[in-house]
Amino acid sequence: MIGDNFDIPIMYQDLANSTMPPLNLTAGGYYGNTSYLGGITLPRQPDKDKLDLINKKDEQTKSTAKKILAGLGAAILLGGTIVLGQKIKKKGGIGKVLSQFWNTMTGKIKNIFKKK
């Protein structure tokens with residue numbers, strides 16, 4: 001298909017297409033599929049190799065950044081659970097904390113709908 005490989009410039013692709021209808025030259029011309037390059041594809045260019053190296057380096061950089069962010073997030077989450085666990089112990093357990101949270105939220109919702 002024409003232009004199906006976006007990594008290779010169109011001037012280096014063989015432009016024959018199996019889905020292309022035959023040329024309809026009724027004045028005694030050629031009737032059939034044609035290729036502008038005659039089935040020849042040009043070799044890869046050094047610029048393409050350089051682009052591949054740049055893309056590979058970008059992917060490695062993104063992968064490293066994702067790993068660093070995941071590690072940082074895990075450290076923050078672990079530290080947060082330790083601090084939260086200590087606060088829950090001080091307040092008397094998870095049941096009391098959830099009860100206080102529920103009462104606070106329902107009180108706020110009631111205040112929203114309360115007539116002034």
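A residue counts as buried when its relative accessible area is under 20%. Keep that cut-off in mind as you click through this predicted model.

**Start with the whole chain.** Show everything first. By that cut-off, just 7% of the 116 residues are buried. Turn on the surface, and you're looking at about 10,400 Å² of exposed area, with carbon and sulfur atoms supplying 65% of it. Now switch to cartoon view: you'll find two helices and zero strands.

**Select residues 46-91.** This is helix α1. How far apart are its end C-alpha atoms? They sit 67 Å apart. At 1.5 Å a residue, the 46 residues of α1 should span 68 Å, so the model agrees with what you'd expect.

**Stay on α1 and pick L69.** Is L69 buried or exposed? Its relative accessible area is 58%, and anything over 50% is called exposed, so L69 is exposed. Add L72 and I76 to your selection: together with L69 they make a nonpolar surface patch of about 330 Å².

**Step off the end of α1.** Click G92, just after the helix. Its phi angle is positive, at about 110 degrees.

**Select residues 94-113.** You're now on helix α2, and V97 is one of its residues. V97 has a relative accessible area of 21%, which lies between the 20% and 50% cut-offs, so it is partly exposed. Which residues does V97 touch, leaving aside those up to four places away in sequence? Show side chains and you'll see I88 and K91. Try a distance label too: the C-alpha atoms of V97 and K87 are separated by 9.2 Å, and these two are 10 residues apart along the chain.

**Zoom back out.** For a last look, think about contacts across the whole protein. Among those with a separation of 6 or more, 24% join residues 24 or more positions apart.

Notes. Residues are numbered from 1 along each chain as its sequence is written. This is a predicted model: local features need pLDDT of at least 70, side-chain atom pairs count only at pLDDT 80 or more; totals for chains, interfaces and linings use all residues. Side-chain values use heavy atoms; hydrogens and water are left out. Patches are made of residues with over 30% relative accessible area and no salt bridge: like charges are joined within 9 Å, nonpolar side chains (Val, Leu, Ile, Met, Phe, Trp, Tyr) within 5 Å. Accessible areas come from the Shrake-Rupley method with a 1.4 Å probe; for residues, only the protein chains shown count as cover. A salt bridge is a side-chain nitrogen of Lys or Arg within 4 Å of a carboxyl oxygen of Asp or Glu. Helices (H or I, at least four residues) and strands (E, at least two) are DSSP runs, numbered from the N terminus. Buried means under 20% relative accessible area, exposed over 50%, partly exposed in between (1.4 Å probe, protein chains only). Contact means heavy atoms within 4.5 Å. The expected span of a helix is 1.5 Å times one less than its number of residues.
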